[in-house]
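Let's walk through this fold together, one strand and helix at a time. Keep the viewer open and turn the model as you read.

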Amino acid sequence: MALSDIAARVRQAEKSAERPLGAVSLIAVSKVQPNARVETVLHEGQRLFGENRVQEAAGKWPEFRQQFSDVQVHLIGPLQTNKLRQALELFDAIHTLDRPKLAQKLAGEVQTRGACPELFVQINTGEEPQKAGVIPAEADQFIADCRALDLPLRGLMVIPPVDEEASLHFALLAKIAKRNDLDGLSMGMSADFEKAIAFGATHVRVGSAIFGARVSG
Ligand SMILES: *Cc1c(COP(=O)(O)O)cnc(C)c1O
């Protein structure tokens with residue numbers, strides 16, 4: 001099946017980039033996939049998944065977590081502050097920390113809960129107006145502000161513009177991470193995860209290459 005192929009390609013890309021074996025976590029992006037497909041991949045041993053909507057994740061993961069042990073689910077889509085509490089119940093990591101208001105609310109919740117998911121700051125490297133994320137010029141300040149709020153950051157995340165060479169964006173993300181002493185890099189999807197690994201990705205988010213095309217409706 002496709003999962004083992006993709007996992008093998010991840011390992012091969014680690015090797016080609018002279019990165020340690022297992023340096024890259026493969027996140028299987030299960031958004032919009034029928035539960036039967038997700039279950040197949042769970043039976044094949046995959047335990048790390050990505051979802052882009054809080055509501056959709058709430059409808060499937062609590063049950064899968066009861067059936068399968070050690071499941072981890074990462075939020076890779078936008079997070080509204082009114083869904084924050086629910087998100088903290090559901091997710092082990094949030095890849096889309098992208099604005100001061102969210103950081104402030106998150107810091108408050110983390111204080112009361114005494115636990116924090118893994119956090120990635122989303123960077124809008126393409127400076128696309130319709131896209132979420134902190135623009136590169138404001139990244140250092142935002143990262144410093146998160147740290148001042150005692151939010152432990154795992155790294156940075158990017159979704160490159162569709163019509164541009166992804167490598168430039170992977171390189172820019174890696175550069176911003178390095179100057180801020182962050183080593184987590186969430187970048188690379190079905191079409192370009194090997195390239196992202198060459199640029200230092202620690203988390204690749206792969207959907208259609210594992211599950212097949214997303215079925216809508
Ligand atoms: C859907 C999605 C992916 C996976 O995309 P594929 O091209 O299917 O691999 C990765 N990252 C984010 C943020 C997504 O929303």
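**From strand to strand**

A good place to begin in this predicted model is Phe49, whose bridge partner in β3 is Val73. That pair belongs to a wider match: strand β2 (residues 48-51) and strand β3 (residues 72-75) run parallel and are joined by four bridges. To get from β2 to β3, the chain travels through helix α3 (residues 54-67), and this β-α-β crossover is right-handed.

Now step on to the next strand. β3 is joined to β4 by two bridges, and these strands run parallel. If you would like a residue pair to click on, Leu75 has Ile94 in β4 as its bridge partner. The path from β3 to β4 leads through α4, again as a β-α-β crossover that is right-handed.

Pause at the loop between α4 (84-90) and β4, where you will find Phe91. Is this residue buried or exposed? Phe91 has a relative accessible area of 5%, and because buried means under 20%, Phe91 counts as buried. Setting aside residues up to four places away in sequence, Phe91 touches Glu51, Arg53, Val54, Ala57, Arg65, Val73, His74, Leu75 and Pro117. Take Ala57 from that list: Phe91 and Ala57 are 34 residues apart in sequence, while their C-alpha atoms are 8.7 Å apart in space.

Back to the strands. Strand β4 (residues 93-97) runs parallel to β5, with three bridges joining them. Within this pairing, Leu97 has Val121 of β5 as its bridge partner. The connection from β4 to β5 goes through helix α5 (residues 100-113), and this β-α-β crossover is right-handed.

How many residues of strand β5 (residues 118-122) are buried? The count is four of the five, so β5 is largely enclosed by the rest of the structure. On to the next pairing: β5 is joined by four bridges to strand β6 (residues 153-157), and these strands run parallel. Val121 turns up again here, standing opposite Leu156 in β6. Together, β5, helix α6 (residues 136-148) and β6 form a right-handed β-α-β unit.

Let's turn to the helices for a moment. α6 has a partner in helix α7 (residues 166-179): their axes come within 10 Å and cross at roughly 30°. Angles under 35 degrees count as roughly parallel, so α6 is roughly parallel to α7. The crossing of α6 past α7 is right-handed. On the α6 side, the contact is made by Pro136, Ala139, Asp140 and Ile143, and on the α7 side by Leu172, Ile176 and Arg179.

Finish the tour at Ser186, which lies in strand β7 (residues 184-186). Ser186 has 0% relative accessibility and therefore counts as buried. What is it in contact with, leaving aside neighbours within four places in sequence? The contacts of Ser186 are His95, Phe120, Leu156, Met157, Val158, Leu173, His203 and Arg205. One of these, Leu156, is the residue of β6 that stands opposite Val121, and Val121 is in turn the bridge partner of Leu97. Following those links on screen takes you back from β7 to the pairing of β4 with β5.

Note on methods
Residues are numbered from 1 along each chain as its sequence is written. This is a predicted model: local features need pLDDT of at least 70, side-chain atom pairs count only at pLDDT 80 or more; totals for chains, interfaces and linings use all residues. Side-chain values use heavy atoms; hydrogens and water are left out. Buried means under 20% relative accessible area, exposed over 50%, partly exposed in between (1.4 Å probe, protein chains only). Two strands pair if DSSP finds at least two bridges between them. A crossover is right-handed if, with the strands pointing away from the viewer, the path from the first strand over the helix to the second runs clockwise. Axes are lines fitted to C-alpha atoms, for helices over the stretch in contact, and angles run from 0 to 180 degrees between N-to-C directions. Angles under 35 degrees count as roughly parallel, over 145 as roughly antiparallel, 65 to 115 as roughly perpendicular and the rest as oblique. A crossing is left-handed if the near helix is turned anticlockwise from the far one by less than a right angle, and right-handed if clockwise. Contact means heavy atoms within 4.5 Å.
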